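Here are my comments on the model you sent. Please keep the coordinates open while reading.

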Amino acid sequence: MSVIEDIIIEKLNVEQFLIKEHGYRMTKRRRGGTELNGHCPLPNHKDKNASFSVNKNNGRWNCFGCGKGGKNIISLIQAINGWRQDQTIEYFKNKLNIEVSEFEYVNKILKKLDDGEEVEKVEEKEFYEIYLDRPYFRPATEFLDIVTKRVDKWMIEQWNLLYVNSGHYKGRLIIPIIWDGKIISFVARDLTSRSERWQKIYAKLIKEDTPIEDIKIKQHKFGCSKVLYPEGTPINKIFFNFDEAKKQKTVFLVEGVFDCMRLVSYGYNAMAILGSRLSNFQYKEIVKNFEKVYICLDNDVKEDGRNPGQEAAQKILQNLEKFIYVKNVILPIGKDPDECTLDEFKQSLDICNKMF
Ligand SMILES: [Zn+2]
């Protein structure tokens, strides 16, 4: 974030700004709470359910009706007015009489260095409340016939899985992500055939030479992504199941949440990197918290002969082996950990352990 953005956020009283100056009707979710609740102010969303929440301290906002959200008040005002970012910043600069003096500038930079790269934390209760309160975020146990395609009852209870039957996240399994004991975000995984249908549309768009940006817009519009995260999720600074995993010194690194839940149910200490690449932050956390790492990424050979899972695994192996004991577990061809039976996984691990 730029210095000027930092200053805007520091100076602005979100509550006063929205309620007194803008006339939005918002109420606090509970006395003394920091979340303001009201109808979504975005122009494209006719919100009947008061799906919108904004944190009065940091301006982080989310609409659980249309799925839009952002980290601060700047992105909110930008979205409401349909402005560009530079227009929005200009507006606030004038409004708050901000002049970035050299002194302020240097101080900001120093403060940034002090803070380091911290994961943005959300008050657990507040965030949990926001989505748990929505009537359409239901315990997954109420939809066993749908969700047991991918998860079993034990997993649902172990990770407090939810299922959504209306709104932006409709047809998705909700997997909370916990960090330092707090729910900081969630994975919303499609359980309908929407993402498969999208694959067909996608193939057609590619054939027609549609620009990649237009494709992304279409994908978002159709809500077709296999996995969605609420906007503002610091995806390259988190793992799934990290709190539990770091209680032990050996960890099994996997790509996705299902892989992780499957291996844990088999008795292995797994955590998911939510993708196949690691950021510097994630490398540091792994080196800091573990002594032994087993990499268990997908082993899928694509039509062009490439194997992106194993290419990624090699890269992680090379980066980690300078610091800690690390091994790459090669699963049966075409499989990811979620698709392995316990025996198949055990065998792959045995082979891996016999190699030096
Ligand atoms: Zn909305």
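The points below go from the whole chain to its two open sheets and then to one helix.

1. Overall make-up. This is a predicted model. The chain carries 15 helices and 14 strands. Of its 356 residues, 32% are buried. Look also at contacts between residues with a separation of 6 or more. Of these, 53% join residues 24 or more positions apart.

2. The antiparallel sheet. Which strands make up the open sheet with antiparallel pairing? There are 5, in the order E6-E7-E8-E9-E10. The edges are E6 (137–139) and E10 (227–228), and each of these pairs on one side only.

3. E7 with E8. Strand E7 covers residues 162–164, and strand E8 covers residues 172–179. The two are antiparallel and share 3 bridges. One residue pair to display is Tyr 163 with its bridge partner in E8, Leu 173.

4. E8 with E9. These strands run antiparallel and are joined by 8 bridges. Ile 175 lies opposite Val 187 of E9. The two strands form a hairpin with 2 residues between them. Which residue of this hairpin takes a positive phi? Asp 180 does, with a value near 50°.

5. Burial and pairing of E9. Strand E9 spans residues 182–190. Is E9 mostly covered or mostly open? Mostly covered: 8 of its 9 residues are buried. Besides its pairing with E8, E9 pairs with E10 over 2 bridges, again in the antiparallel sense. Here Arg 189 has Val 227 of E10 as its bridge partner.

6. The parallel sheet. A further open sheet has 4 strands, ordered E12-E11-E13-E14, and its pairing is parallel. E12 and E14 (325–328) are the edge strands, each pairing on one side only. On average, neighbouring strands here are turned by 25° against each other, direction ignored.

7. E11 inside that sheet. Why is strand E11 (residues 250–254) described as largely enclosed? Because 4 of its 5 residues are buried, the rest of the structure largely encloses it. E11 has a parallel partner in E13 (residues 292–295), with 4 bridges between them. Thr 250 has Lys 292 of E13 as its bridge partner. Val 251 stands opposite Val 293, also in E13.

8. E11 to E12. E11 is also joined to E12 (residues 270–272) by 3 bridges, and these strands run parallel. Val 254 faces Ala 272 of E12. The chain passes from E11 to E12 by way of helix H12 (residues 257–265), and this β-α-β crossover is right-handed.

9. H12 against the sheet. Which strands does H12 touch? The sheet made of E12-E11-E13-E14 has H12 packed on it, with H12 touching E11 and E12. The direction of H12 makes about 175° with that of E12.

10. E13 to E14. These two strands pair in the parallel sense, over 4 bridges. In this pairing, Ile 295 has Asn 328 of E14 as its bridge partner. Which helix does the chain pass through between E13 and E14? The connection runs through H14 (residues 308–320), and this β-α-β crossover is right-handed.

11. Helix H3. Which residues of H3 (residues 73–81) are buried? The buried set includes Ile 73 and Ile 74. Ser 75, Leu 76 and Ile 77 are buried as well. Just after the helix comes Gly 82, with a positive phi of about 65°.

12. What to display. For the antiparallel sheet, show E8 and E9 with their 8 bridges, and add Asp 180 in the hairpin. For the parallel sheet, show E11 with E13, then E11 with E12. Add H12 and H14 to follow the right-handed crossovers, from E11 to E12 and from E13 to E14.

Technical notes:
Residues are numbered from 1 along each chain as its sequence is written. This is a predicted model: local features need pLDDT of at least 70, side-chain atom pairs count only at pLDDT 80 or more; totals for chains, interfaces and linings use all residues. A residue is buried if 20 or more other C-beta atoms lie within 10 Å of its own, exposed if 12 or fewer, and partly exposed in between; C-beta atoms are placed from the backbone. Two residues are in contact if their C-beta atoms, placed from the backbone, lie within 7 Å. Two strands pair if DSSP finds at least two bridges between them. A crossover is right-handed if, with the strands pointing away from the viewer, the path from the first strand over the helix to the second runs clockwise. Axes are lines fitted to C-alpha atoms, for helices over the stretch in contact, and angles run from 0 to 180 degrees between N-to-C directions.
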